[in-house]
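Let's take a walk through this structure together, one piece at a time. Keep the picture open beside you as you read.

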Amino acid sequence: MTNGAARGVSAIPGESELRALLAVPLELADPAELDADANLVLLGLSSLEIMRMVGRWNKAGIPADFEALIEVPTLRAWVTYFTGLETSR
């Protein structure tokens, strides 16, 4: 497995980066199709995949927290979460 920096995850992700990242496991041809308020788990994103994302972010120095992301698994909530990390740096 490659580390987060090698996979291009070196900065706190914004909405467009999260959309692109989530489009793969959700099998969306166009990341813009993702409804910002849709429950990512109900759409098919597994908790294991979320753990993998968190691991990559943590390896890249981004303090992502699995519990915080799974609590409200929507794109909008994740953007808010990561925006909060950005402003606290």
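Let's begin on helix α4, where Leu75, Trp78, Phe82 and Leu85 are buried; buried means under 20% relative accessible area, exposed means over 50%, and partly exposed is in between, with a 1.4 Å probe and protein chains only. Seen down the axis of α4, these buried residues fall within an arc of 85°, so they line one face of the helix. That arc is taken from the directions that run from the helix axis to the C-beta atoms. Turn to the face pointing away from the buried side and you'll find the exposed residues Thr80, Thr87 and Ser88. On the buried side, the residues of α4 pack against α1 (15-23), α2 (47-59) and α3 (66-71), where contact means heavy atoms within 4.5 Å.

A quick word on what you're looking at: this is a predicted model, in which local features need pLDDT of at least 70 and side-chain atom pairs count only at pLDDT 80 or more, while totals for chains, interfaces and linings use all residues. Residues are numbered from 1 along each chain as its sequence is written, and side-chain values use heavy atoms, with hydrogens and water left out.

Now step back for the overall plan. The protein has four helices and zero strands, and along the sequence it reads α-α-α-α. Helices (H or I, at least four residues) and strands (E, at least two) are DSSP runs, numbered from the N terminus. Of the 89 residues, 34% count as buried. If you take the contacts with a separation of 6 or more, residues 24 or more positions apart account for 57% of them. The accessible surface comes to about 5,100 Å², and carbon and sulfur atoms hold 54% of that; the areas come from the Shrake-Rupley method with a 1.4 Å probe, and for residues only the protein chains shown count as cover.

How long should α4 be? With 14 residues (75-88) at 1.5 Å a residue, it should span 20 Å, and its end C-alpha atoms are indeed 20 Å apart, which agrees. The expected span is 1.5 Å times one less than the number of residues. Helix α2 passes the same kind of check: its 13 residues should span 18 Å, and its end C-alpha atoms are 18 Å apart.

While we're at α2, its buried residues are Glu49, Ile50, Met53, Val54, Arg56 and Trp57. They cover an arc of only 160° around the axis, which puts them on the same side of α2. Their cover includes α1, α3 and α4. Gly55 lies in α2 too, but Gly55 is partly exposed, with a relative accessible area of 24%. The C-alpha atom of Gly55 is separated by 9.0 Å from that of Phe66, eleven residues apart along the chain. Just after α2, Gly61 takes a positive phi of about 90°.

Helix α1 has its own buried set: Leu18, Arg19, Leu22 and Ala23. They cover an arc of only 130° around the axis, which puts them on the same side of α1. What covers them includes α2 and α4. One link to α4 runs through Val79, which touches Glu15 and Leu18, not counting residues up to four places away in sequence.

So where does it all come together? In the largest nonpolar core, which has 20 residues, Leu22, Leu45, Trp57, Leu69, Trp78 and Phe82 touch the most other members. Each of α1, α2, α3 and α4 supplies at least two residues of this core. A nonpolar core here is a set of buried Ala, Val, Leu, Ile, Met, Phe, Trp, Tyr and Cys residues joined through side-chain atoms within 4.5 Å. Zoom in on Trp78: beyond its neighbours within four places in sequence, its contacts include Leu18, Leu22, Ile50, Trp57 and Leu69.

The loops deserve a look as well. Thr74 sits in the loop between α3 and α4 and is buried, with a relative accessible area of 12%. Its side chain reaches the backbone nitrogen of Ala77 at 3.0 Å. Setting aside neighbours within four places in sequence, Thr74 is in contact with Ala36, Asp37, Ala38, Asn39 and Leu40.

In the loop between α1 and α2 you'll meet Glu27, which is exposed, with a relative accessible area of 72%. Most residues other than glycine have a negative phi. Phi of Glu27, though, is near 55°, a positive value.

Conventions:
A polar contact is a pair of N or O atoms within 3.5 Å; within protein, one must be able to donate a hydrogen and the other to accept it, and residues adjacent in sequence count only if both atoms are side-chain atoms.
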